[in-house]
Amino acid sequence: MSKVKYYYDPDTLSYRKIEPKKSRRYRNIALFILGSFLFGLLSLVLLMNTNLINTPRELSLQREVKNYELQFDLLNRKMGQIEEVLANIEDRDNNIYRLYFEANPIPEEQRRAGFGGVNRYKSLEGFNNSEMIKATTKRLDIIKKQMAIQSKSLDEITKLAEEKEKLLMAIPAIQPVKNEDLKRMASGYGWRSDPFTKARKMHRGMDFSAPKGTPVYATGDGKVIRADNGSSGYGKHIRIDHGYGYKTLYGHLSKYNVDRGQKVKRGDLIGFVGNTGRSEAPHLHYEVWKEEERINPINFYYGSLTAKEFENMLKYAAQENQSLD
């Protein structure tokens, strides 16, 4: 209810009611309308710039979002660096490691394969930055998969390296009698004159002439499968199975230094030169077998001879002289 105002009239000695003028009433109405308009306009401006009316909590959340966007950008840069390093490792894996160990390279499509089937990133949809989050997560998943493939590949390379090392140690690679203990390399692999019948005969080993009792060494890692004199012509002899299809035979020994079933390493002392069996003089008859075929031992001395010594051995081994057994 509006207040009624009065004034004192000295002429009539009474209080009279003050009547407002019509112009003032119109002015008040106009001021009210103008104030309402200005208030609405100010509210619209504030709505267009919400930062002016955000609460401290909302401002804090906005700062966090900006920080997360920055962290995602940094994460993507780091993933780019990881991808470069991984690509370098993959290149060396395919073109050096696997090439050296004669293993098939891993196909590029296998390394770069994505993830099929169900939508793995459905839970990341519906946010303001969903596409950025999904792209980063997918990129990270691919890197993890590539690393898993590369890790498995390196495990395989490690096994291949271990197997290669075993193979290299198993292959006969040294002379069974040391050079300083040799009188001479008496006879090589090939057609030779038989010392007893004088007939031309295939000699399937090499004869090393040395005094009786000269040490004889295993030419590669392996397992002794025979140490006896039960094979015609060889007398006391030793046979070693090196694995990978390789075997070696050491004939006409005077005595053994190993037993059947014993494992030996390259360079181990296994016996001593003798003159047992079908032999004309003290010497070691040495054979190399590959897949049950006797092959020329001349190709298996790279671990103990210099280039000059090997050249001399080739010359002596090529002579069609008389063998000692």
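So, salt bridges: searching the whole structure turns up 9 of them, where a salt bridge is a side-chain nitrogen of Lys or Arg within 4 Å of a carboxyl oxygen of Asp or Glu. Bear in mind that this is a predicted model, where local features need pLDDT of at least 70 and side-chain atom pairs count only at pLDDT 80 or more, while totals for chains, interfaces and linings use all residues. Residues are numbered from 1 along each chain as its sequence is written, and side-chain values use heavy atoms, with hydrogens and water left out.

Okay, one pair to look at is R139 with E83, whose closest N and O atoms sit 2.9 Å apart. That one ties together distant parts of the chain: R139 belongs to helix α4 (residues 130-170) and E83 to helix α2 (residues 56-100), with their positions 56 residues apart. Helices here are DSSP runs of H or I, at least four residues, and strands are runs of E, at least two, numbered from the N terminus.

Are those two buried or exposed? Neither, really: R139 is partly exposed at 25% relative accessibility, and E83 is partly exposed at 29%. The cut-offs are under 20% relative accessible area for buried, over 50% for exposed, and partly exposed in between, with a 1.4 Å probe and protein chains only.

Next, D228 and R226 meet in a salt bridge at 3.0 Å, N to O. D228 is partly exposed at 23%, and R226 is partly exposed too, at 25%. Then there's K290 with E291, at 3.7 Å; K290 is partly exposed at 26%, whereas E291 counts as exposed at 53%. And D93, R98 and E156 are linked in a network of salt bridges.

Back to helix α2 for a second. UniProt, in an unreviewed entry, puts a "coiled-coil region" at residues 58-92; such annotations may be inferred rather than shown by experiment. In the model that stretch is 100% helix and 0% strand, with its end C-alpha atoms 51 Å apart.

On to the surface. Y26, I29, F32 and I33 make a nonpolar patch with about 490 Å² of accessible area together. Patch residues have over 30% relative accessible area and no salt bridge, and nonpolar side chains are joined within 5 Å, like charges within 9 Å. I29 lies in helix α1 (residues 22-48) and is partly exposed at 45%.

Overall, the protein chain has 5 helices and 14 strands, and of its 325 residues, 31% count as buried. Its accessible surface is about 21300 Å², 56% of that from carbon and sulfur atoms, using Shrake-Rupley with a 1.4 Å probe.
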